[in-house]
Amino acid sequence: MNRTGLFITFEGPEGAGKSTQISLLADVFRQRGRAVLTTREPGGTPLGEELRRLVKHFGGPGSVAPEAELLMFGASRAQLVRHVIRPHLEQGGVVLCDRFADSTTVYQGLARGLDPAFIERLHDFTLGDCWPDLTFVLDVSVETGFSRARARSQGAPVDRIEAEARPFHETVRQGFLALAERHPERFRVLDGEAPPAAVHRHVLECLDHALG
Ligand code: Z5A
């Protein structure tokens, strides 16, 4: 892929503050005169948004098989990469994405227990070489994530995945930390429990350091 842009993703447990930080960072890039595109997974394209609704809220008869869930996330990502992310990067723009392939590695691989080797092959198929340049993991405890999410939804879990039990979300948190440790060149782990302005400052410090 011939690209001159910058691709940054934000990951972490639910309620970690990803959307908040993406919005703050997008403003900084705009002030610096960069063409910024913010997007999210699942979603970010008309097809992806349909898949998002299904994968989060499917309420028809029968549960969603983990294998089907994995492929829905993969389908949404394949579409997003080809129709949105790659074209913007090829034009030299900045892409800020709320979750990406690492969420699949952690949620479907570690927490759902699907075959990690197959997930790697799925990443090859859906992304090719379109991996992020930098990935921030905003680390928060499961309690903090739950209480932020529940405050927003006035007490009720808002989707199928959020409604999973506490050990599932603990596995997710530990999974992101382990992944970051395995790939220190791409990942930066930040304390997502700090106030939003402090997290934002750390994001900018990491970014300025990474970009020289
Ligand atoms: N999923 C998957 O299983 N496999 C995949 O491949 C992908 C995703 C891509 C998507 O749900 C679900 O799909 C997700 C993973 C799964 N399920 N779970 N769990 P989503 O997109 O609806 O939700 P989310 O990604 O989990 O994010 P979120 O809950 O919307 O939260 P957030 O974007 O990280 O946080 P926020 O919206 O910026 O902040 C949440 C609240 O906390 C809000 O009221 C803020 O004002 C507040 N906040 C933010 N930062 C702070 C700080 N620093 N201090 C205090 N309060 C804060």
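**Close-up views of two pockets and a ligand**

**View 1. The lining of the second largest pocket in this predicted model.** Sorted by class, the residues that line the second largest pocket comprise 8 nonpolar, 5 polar and 5 charged. The volume of this pocket is about 280 Å³, and among its 18 lining residues Thr 105, Glu 120, Leu 179, Arg 182 and His 183 are the closest to its centre. Helices H4, H5 (116-127) and H7 (166-182) each contribute at least two residues to this lining, with the largest share, 5 residues, coming from H4.

**View 2. The largest pocket, in which the ligand sits.** This pocket holds about 800 Å³ of space and is lined by 36 residues, of which Glu 14, Gly 15, Lys 18, Arg 99 and Arg 152 lie nearest its centre. Its lining divides into 12 nonpolar, 11 polar and 13 charged residues, and the helices that each supply at least two of them include H1 (18-31), H3 (66-90) and H8 (196-211).

**View 3. The shell of 27 residues around the ligand.** Ser 19, Thr 20, Lys 56, Arg 99 and Thr 104 are the closest of these residues, and H4 gives the most to the shell, with 4 residues. By class, the shell has 8 nonpolar, 9 polar and 10 charged residues.

**View 4. Polar side-chain atoms of Lys 18, Arg 148 and Arg 152 beside the ligand.** An N or O atom in the side chain of Lys 18 is 2.6 Å from an oxygen atom of the ligand, while a polar side-chain atom of Arg 152 lies 2.9 Å from a ligand oxygen atom. For Arg 148, a polar side-chain atom lies 3.1 Å from a nitrogen atom of the ligand. The ligand taken alone exposes 1,100 Å², of which the protein buries 83%.

Methods. Residues are numbered from 1 along each chain as its sequence is written. This is a predicted model: local features need pLDDT of at least 70, side-chain atom pairs count only at pLDDT 80 or more; totals for chains, interfaces and linings use all residues. Side-chain values use heavy atoms; hydrogens and water are left out. On a 1 Å grid over the protein atoms alone, a cavity is a set of points where a 1.4 Å probe fits but cannot get out, and a pocket is an open set with protein on both sides within 12 Å along at least five of seven lines; lining residues have an atom within 4 Å of a point. Grid points are joined across faces, edges and corners, and a volume is the space filled by probe spheres set on the points. Ala, Val, Leu, Ile, Met, Phe, Trp, Tyr, Cys and Pro count as nonpolar, Asp, Glu, Lys and Arg as charged, and the others, Gly among them, as polar. A residue is near a molecule or strand if one of its heavy atoms lies within 4 Å of it. A polar contact is a pair of N or O atoms within 3.5 Å; within protein, one must be able to donate a hydrogen and the other to accept it, and residues adjacent in sequence count only if both atoms are side-chain atoms. Accessible areas come from the Shrake-Rupley method with a 1.4 Å probe; for residues, only the protein chains shown count as cover. A molecule sits in a cavity or pocket if more than half of its atoms lie within 2 Å of its grid points.
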